[in-house]
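Reader: I would like the reasoning behind the labels. Please set each value against its criterion.

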Amino acid sequence: MSDDFELDTNDLKRRMDGAMHSLRTEFASLRTGRASASMLEPVQVEAYGQMTPINQVGTVNVPEPRMVTINVWDKSLVNKVEKAIRESGLGINPQMNGTIIMLPIPELNEERRKELGKVAGQYAEHARVAIRNVRRDGMDQIKKAKADGMSEDDQKFWETEVQDLTNEYIAAVDEALESKQAEIMQV
């Protein structure tokens with residue numbers, strides 16, 4: 001009856017890609033010893049009555065390897081931006097210069113590097129869980145089709161497809177984690 005079952009592997013790939021994208025975004029927000037404009041992405045500023053990302057209230061630049069600058073467009077927001085950075089938990093002490101906020105990036109000590117490595121590991125585990133949830137959804141679709149009369153050979157074929165896809169994405173997560181941890185531990 002259900003010989004025409006076709007699992008939407010593109011949908012599964014899209015959802016697993018979403019987990020990978022989320023992981024990369026989380027990794028970008030982790031501070032390493034180098035300055036990066038993306039480390040400010042999670043920081044929100046109270047501007048014009050709502051929470052706004054920093055890059056929407058000013059220009060973020062990286063003029064040198066250990067410095068990030070934010071040129072705030074609206075003078076009335078400078079103190080709010082500074083406060084948001086102080087309270088963000090990035091461990092950076094902003095320095096004011098008119099409408100420009102300078103963020104010198106200090107060297108990370110060994111203890112902080114290990115702590116960041118563990119945080120990166122947690123982010124990677126969240127991505128693995130998200131990928132496994134997508135796999136479970138795919139397997140559930142296969143089981144439903146099996147109940148509707150799909151042959152056992154087709155069931156095995158689709159289960160193998162889903163598992164191979166999952167293994168591929170889990171390996172990509174592990175590779176990204178290894179790379180990020182090496183970057184964090186680099187002095």
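Author: The answers below take this predicted model label by label.

Reader: What makes up the protein chain, and in what order do its elements run?

Author: The protein chain has 4 helices and 6 strands. From the N terminus on, the order is α-β-β-β-β-α-β-β-α-α.

Reader: How does the radius of gyration of the protein chain stand against that of a compact globule?

Author: For 187 residues, a compact globule would come out near 16 Å. The protein chain has 22 Å. The C-alpha trace spans about 75 × 40 × 25 Å along its principal axes.

Reader: What do burial, surface and contacts add?

Author: Of the 187 residues, 37% count as buried. The accessible surface comes to about 10,800 Å², and carbon and sulfur atoms hold 48% of that. Among contacts with a separation of 6 or more, 66% join residues 24 or more positions apart.

Reader: Why is tyrosine 48 called exposed?

Author: The cut-off for exposed is over 50% relative accessible area. Tyrosine 48 has 63% relative accessibility, so tyrosine 48 counts as exposed.

Reader: And why is proline 106 called partly exposed?

Author: Buried means under 20%, exposed means over 50%, and partly exposed is in between. Proline 106 has 34% relative accessibility, so the label is partly exposed. Proline 106 sits in the loop between E6 and H3. Its C-alpha is 9.2 Å from that of asparagine 93, with the two positions 13 residues apart in sequence numbering.

Reader: What makes the phi of tyrosine 48 worth a remark?

Author: Most residues other than glycine have a negative phi. Tyrosine 48 is not a glycine, yet has a positive phi of about 55 degrees. Tyrosine 48 lies in the loop between E1 and E2. Glycine 149, just after H3, also has a positive phi, of about 110 degrees.

Reader: How do you know that E1 and E2 pair?

Author: Two strands pair if at least two bridges are found between them. E1 (residues 44–47) and E2 (residues 50–53) have 4 bridges, in the antiparallel sense. Valine 45 is bridged to threonine 52. Glutamate 46 is bridged to methionine 51. The two strands form a hairpin with 2 residues between them.

Reader: Which side chains of E1 point to the buried face, and which to the other?

Author: The side chains alternate along E1. Val45 and Ala47 point to one face and are buried. Gln44 and Glu46 point to the other face and are not buried.

Reader: How do you know that E3 and E4 pair?

Author: The criterion is again at least two bridges. E3 and E4 (residues 67–72) have 5 bridges, and the sense is antiparallel. Glycine 58 has valine 72 as its bridge partner. Glutamate 64 has methionine 67. E3 and E4 form a hairpin too, with 2 residues between them.

Reader: What makes E3 and E5 edge strands?

Author: The open sheet has 4 strands in the order E3-E4-E6-E5, with antiparallel pairing. E3 (58–64) and E5 (95–97) each pair on one side only, and are the edge strands. Neighbouring strands of this sheet are turned by 25 degrees against each other on average, direction ignored. H2 (residues 78–86) packs on the sheet and touches E4, E5 and E6 (100–104). The direction of H2 makes about 20 degrees with that of E6.

Reader: How do you know that the end-to-end distance of H4 agrees with its length in residues?

Author: H4 (residues 152–185) has 34 residues, so at 1.5 Å a residue the expected span is 50 Å. Its end C-alpha atoms are 49 Å apart, which agrees.

Reader: What does the check give for H3?

Author: H3 has 38 residues, so the expected span is 56 Å. The end C-alpha atoms of H3 are 55 Å apart, and that agrees.

Reader: Which residues of H4 are buried, and what covers them?

Author: The buried residues include Trp158, Val162, Leu165, Tyr169, Ile170, Val173, Leu177 and Ile184. Gln155, Glu159, Thr166 and Lys180 are buried as well. The cover includes H1 (9–29) and H3 (110–147).

Note on methods:
Residues numbered from 1 in each chain as written. Predicted model: local features only at pLDDT ≥ 70, side-chain atom pairs only at ≥ 80, totals over all residues. Heavy atoms only, no water. Buried < 20%, exposed > 50% of the residue type's maximum accessible area, 1.4 Å probe, protein only. Expected span 1.5 Å × (residues − 1). Contact = heavy atoms within 4.5 Å. Rg over C-alpha atoms; globule rule 2.2 N^0.38 Å. Areas by Shrake-Rupley, 256 points an atom, 1.4 Å probe, with all protein chains shown as cover. Axes fitted to C-alpha atoms, helices over the stretch in contact; angles between N-to-C directions.
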